[in-house]
2 protein chains.
Amino acid sequence: MANNAVEVDTLIEPSWVIPINPSNKVLTNFSIAIKDSKIVSIHPSCDNSTRFNALDQIKLDDHVLMPGFVNTHTHAAMTLLRGYADDLPLMRWLSDHIWPAESEFVSAKFVHDGTLLACAEMLRGGTTCFNDMYFFPLHAGQAAIKAGIRAVLGITVIEFPNNYAADPQDYLRKGLEARDLLNSEPLINFTMSPHSPYTVSDKTFEQISVLANQLHLPIHVHIHETKTEIEDSLKQYGKRPIARFDTLGLLSPSLVGVHAVHIDDVEISLMANQGSSVVHCPSSNLKLASGFSPIGKLLRKNINVAIGTDGAASNNRLDMLAETRLAALMAKAVDGLAETLPAHQALHMATLAGARALGLDDQIGSIEKGKLADLIAIDLSQIETQPNFDVASQIIYAAGRENVTNVWVNGERVLKNKFFKNAISDTISQKTSFWTTQILNKRTN
Amino acid sequence: MANNAVEVDTLIEPSWVIPINPSNKVLTNFSIAIKDSKIVSIHPSCDNSTRFNALDQIKLDDHVLMPGFVNTHTHAAMTLLRGYADDLPLMRWLSDHIWPAESEFVSAKFVHDGTLLACAEMLRGGTTCFNDMYFFPLHAGQAAIKAGIRAVLGITVIEFPNNYAADPQDYLRKGLEARDLLNSEPLINFTMSPHSPYTVSDKTFEQISVLANQLHLPIHVHIHETKTEIEDSLKQYGKRPIARFDTLGLLSPSLVGVHAVHIDDVEISLMANQGSSVVHCPSSNLKLASGFSPIGKLLRKNINVAIGTDGAASNNRLDMLAETRLAALMAKAVDGLAETLPAHQALHMATLAGARALGLDDQIGSIEKGKLADLIAIDLSQIETQPNFDVASQIIYAAGRENVTNVWVNGERVLKNKFFKNAISDTISQKTSFWTTQILNKRTN
């Protein structure tokens, strides 16, 4: 240990580092130093002993270190409805099962407990930040803080009353209150989250647009998910939802449009020119038979495309590795080109593209000096990931969530050799059992 | 223990049993008894202590017991080329990378070692039987026996010479020799495996047809994988491959057609009427940009559709849970119907449909008295599989290969609480390292 060594909290020495920025790069025998919440150095591992004095030095043989995944669209609390109703057409699924269950059960406690379960699942699978659209954001945020994961919470608005709020003004007021209450929390950020073109009026969209501008918040909204949504919009507004958004002035770099399954070339150009982001949720689009998003086309127009798992009721997993693999596979077949969406680009979508959509790309999404230390380690020594000719390909096509061994969020080691540092698993198990019984009792009656 | 208790080897007491036959059934609090290689009883667990005397009694709380997966199409030895070349168009992938690598490295030892790696991966993920198409079947068979997995080996034939054989007669002779040598092995079965319509001549297909009839072997062949294959066939033979197979008399219940991506309604009816099986390999079809198989249509015509991972060079995993989930998701979007291919039907495809394609449905593929004990246990107690409202849905949509904890093949417990009973992992690790070095050295030179 040298006298002039820099004092750091953590020194991580993996076999490989994928920084994401610069792109398409795999660094061999590099280490990362963390001080407080930040990455303070990326350097050859041979410098560790001479240049750094670390409280905690972690050698991770056969591991790759990369930025944590940014799950850019989910409804975390709905994890309590995982597998509640499957293999059903969208409208029957919603009207006969999901909406009745939500109106029966959704409460502050349900959202807290469901979000906690979701956070644990996401962390175990390497997600360090999620973009949530649901109700009771204060309680979702408290669960995220308890789990130690970064959360971007929606100030969610729909035109209709539910257990959470009475009308659009009430949704806005409650969402903004939650934002004020969680203002000083380092893990919490917010978006304006109008649910969708078919559940929010022009008047409400206009108010949301004003608030998003004033408060510098992204606008997180479902868009062009199904053909029906577009047909209904044509009937009601005389235009397709993206054209309606254009008229309302909603297309901008702040727009985070989720799904974009049915999107034509003109609409792609429009979103590209306005610098809007798209969140691709392939599992949900397949499971609900919504269709195939033309991701290759979007990427060729340089649209920022991120990845989301959607909620566990329509996936049924919050597994960013599975979701990103599916995105990479599907993009090729939809395009008819096997070179579309190669492994490195898929890794970018699952990390930095998500951060950019959420306006957080100066803080997270890549391993760069000065950025927050949201990091994951993936073990490539297992039978399923051998032999290893190409680290990026191995992560995207061969690895699974079970190969994620260590996770840091904001500099904290939240998952250590696959275990949570605190007793969160027991808490979750108890709370989930409670809700399972509640829901099953109601269903049987 | 009662005096008149039946002596059995193993008694497994899971929380749930999915027998596959009868279909759509989940048995709660049932146990399975195994004697020698066979299932001898399926009964309520409350009868265990009075009716049975077991050498080994295994209680598996929160687990579902089901038949092992039948991976109905793979090239096991190619696992040594996992991630060797990705994100490339099919012909460049084959001509510039895979074929040169194969002609450099493929040997009896390569096939043995690669197949051993594949077997370990498959067993850990719940596959108890695989249908292989590759070279050196004797050595592939020896690896399967070592690993303790059931294998159906191809008597593979292509028109051209390679490291293994000189011409079609040589392929046939060597394959039939391997069959004679492995004749008494309980884990080994064979198929005739002409590679594809574009690599096998009419004359050779005719010989294969004769042999398949005489020896009562299925015919395992790639069919209608890409548009190019069909266009080339039209040029060379004046008909599409399935029509050519019809002329050659190859369409029958013995035909196991792999891929069937580009298949029209007439061809679907033809295969349905002849009772031929189709093996669906969705990951490979997406990754090589081959296209989308109309699985919903095939199922509505009652074609027997099984699931295959294809080889690890084009997937890059031999993960039947991931493959079956993808099949279930994709079938819905291709059909435009969320109710297409529900969870129970997907489980059937991954098990009994594979057994039927291989002519083994009287022996494996379901949990029935008298059948061979090829069984797997899946743990549904984890965060990722909670809450649990529907066991079948949970397996297909939420569980992963990492949730498979115990595997029995032919009555032997091959995987015990996630560990192999013998030191096979070390052997594989050494052999895989050896080949990785060989391949990387050659690539760098």
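This passage describes helix packing and the surroundings of selected residues in a predicted model.

Local features were considered at pLDDT of at least 70 and side-chain atom pairs only at pLDDT 80 or more, while totals for chains, interfaces and linings use all residues. Residues are numbered from 1 along each chain as its sequence is written, chains are lettered from A and ligands numbered from 1 in the order in which they are written, and side-chain values rest on heavy atoms, with hydrogens and water left out.

A convenient place to start is helix H3 of chain A, residues 108-124. Helices (H or I, at least four residues) and strands (E, at least two) are DSSP runs, numbered from the N terminus. The expected span of a helix is 1.5 Å times one less than its number of residues. For the 17 residues of H3(A) this gives 24 Å, and the end C-alpha atoms are 24 Å apart, which agrees. Of these 17 residues, 14 are buried; here buried means under 20% relative accessible area, exposed over 50%, and partly exposed in between, with a 1.4 Å probe and protein chains only. Gly126(A), which follows H3(A), has a positive phi near 95°.

H3(A) packs against helix H4 of chain A (residues 137-147) at an angle of about 35°, with the axes 8 Å apart. Axes are lines fitted to C-alpha atoms, for helices over the stretch in contact, and angles run from 0 to 180 degrees between N-to-C directions. The crossing of this pair is right-handed, the near helix being turned clockwise from the far one by less than a right angle (anticlockwise would be left-handed). Contact (heavy atoms within 4.5 Å) involves residues of H3(A) including Val111(A), Leu116(A) and Cys119(A), and residues of H4(A) including His139(A), Gln142(A) and Lys146(A). By class, the contact has 9 nonpolar, 4 polar and 1 charged residues. Ala, Val, Leu, Ile, Met, Phe, Trp, Tyr, Cys and Pro count as nonpolar, Asp, Glu, Lys and Arg as charged, and the others, Gly among them, as polar.

In chain B, the axes of H3(B) (residues 108-124) and H4(B) (residues 137-147) come within 8 Å and cross at roughly 35°, again in a right-handed crossing. Among the residues that meet are His112(B) and Thr115(B) of H3(B) and Ala143(B) and Ala147(B) of H4(B).

Chain B also offers the pair H5(B) (residues 168-181) and H6(B) (residues 202-215), which pack at about 20° with axes 11 Å apart. The two are therefore roughly parallel, as angles under 35 degrees count as such, over 145 as roughly antiparallel, 65 to 115 as roughly perpendicular and the rest as oblique. Pro168(B), Leu172(B) and Arg179(B) are among the H5(B) residues in this contact, and Thr204(B), Ile208(B) and Leu215(B) among those of H6(B). The contact comprises 6 nonpolar, 3 polar and 1 charged residues.

Turning to single residues, Thr309(B) sits in the loop between strand S13 (304-307) and helix H12 (320-335) of chain B and is buried, at 0% relative accessible area. Beyond its neighbours within four places in sequence, Thr309(B) contacts residues including Asn71(B), His73(B) and Arg317(B). Lys369(B), in the loop between helix H14 (352-357) and strand S14 (375-379) of chain B, is exposed at 67%. With the same sequence neighbours set aside, Lys369(B) contacts Ile39(B), Val40(B), Ser41(B) and Ile42(B).
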